[in-house]
Amino acid sequence: MKITDIRIQIIKSPKTKLRAFATVVLDESIVLRDLRIFESAKGNFVSMPSVKTQTGEWKETVTIINTELNDQISHYVLRAYTDELLKIS
């Protein structure tokens with residue numbers, strides 16, 4: 001699968017470690033919405049879309065089984081996030 005589009009929505013005044021949301025389009029056919037970009041002590045990371053269960057646990061609604069594709073999505077989303085930050089600086 002090929003990433004054909006990435007859109008980043010930066011949170012202007014973050015109150016948590018959540019810094020932005022991302023939308024990724026694969027092969028101009030599949031849209032992954034609400035990927036989250038978080039800041040951590042080890043650097044930024046991408047989290048797949050998830051929902052909070054009744055027990056308070058977070059469960060991913062999308063799981064990328066192919067490790068290579070998952071790494072590729074994370075890499076390009078973080079790069080797009082960095083590019084967006086540079087635009088607003």
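**Entry 1: β3 and β4**

I began with the pairing of β3 and β4 in this predicted model. Strand β3 covers residues 30–38. I found three bridges between β3 and β4, in the antiparallel sense. I then looked for a facing pair and noted F38 opposite F45 of β4. Next I checked the hairpin that links these two strands. Six residues lie between β3 and β4 there. Within this hairpin, I noted a positive phi near 115° at G43.

**Entry 2: β2 and β3**

I moved to the other partner of β3. Strands β2 and β3 run antiparallel and are joined by seven bridges. I looked up V25 and found V31 in β3 as its bridge partner. The hairpin of β2 and β3 has three residues between the strands. In that hairpin I wrote down D27, with a positive phi near 50°.

**Entry 3: the whole sheet**

In what order do the four strands lie? I read the order as β1-β2-β3-β4, in an open sheet with antiparallel pairing. I marked β1 (3–10) and β4 (45–47) as the edge strands, since each pairs on one side only. I also looked up the turn between neighbouring strands of this sheet, which is 30° on average, direction ignored.

**Entry 4: the helix on the sheet**

Which strands does α1 touch? I traced helix α1 over residues 67–88 and found it packed on the sheet. It touches β1, β2 (18–26), β3 and β4. I noted an angle of about 50° between the direction of α1 and that of β1.

**Entry 5: the core**

I turned to the largest nonpolar core, which holds 17 residues. Which of its members touch the most others? I listed I8, V24, L32, L35, I37, I73 and V77. I then sorted the core by element. β1, β2, β3 and α1 are the elements that give two or more residues to it. The most comes from α1, with five residues.

**Entry 6: L32**

I picked L32 from that list for a closer look. I left aside its neighbours within four places in sequence. The remaining contacts of L32 are A22, T23, V24, L26, V62, I64 and I73. I noted that V24 and I73 appear in the core list as well.

Note on methods:
Residues are numbered from 1 along each chain as its sequence is written. This is a predicted model: local features need pLDDT of at least 70, side-chain atom pairs count only at pLDDT 80 or more; totals for chains, interfaces and linings use all residues. Side-chain values use heavy atoms; hydrogens and water are left out. Two strands pair if DSSP finds at least two bridges between them. Axes are lines fitted to C-alpha atoms, for helices over the stretch in contact, and angles run from 0 to 180 degrees between N-to-C directions. Contact means heavy atoms within 4.5 Å. A nonpolar core is a set of buried Ala, Val, Leu, Ile, Met, Phe, Trp, Tyr and Cys residues joined through side-chain atoms within 4.5 Å. Buried means under 20% relative accessible area, exposed over 50%, partly exposed in between (1.4 Å probe, protein chains only).
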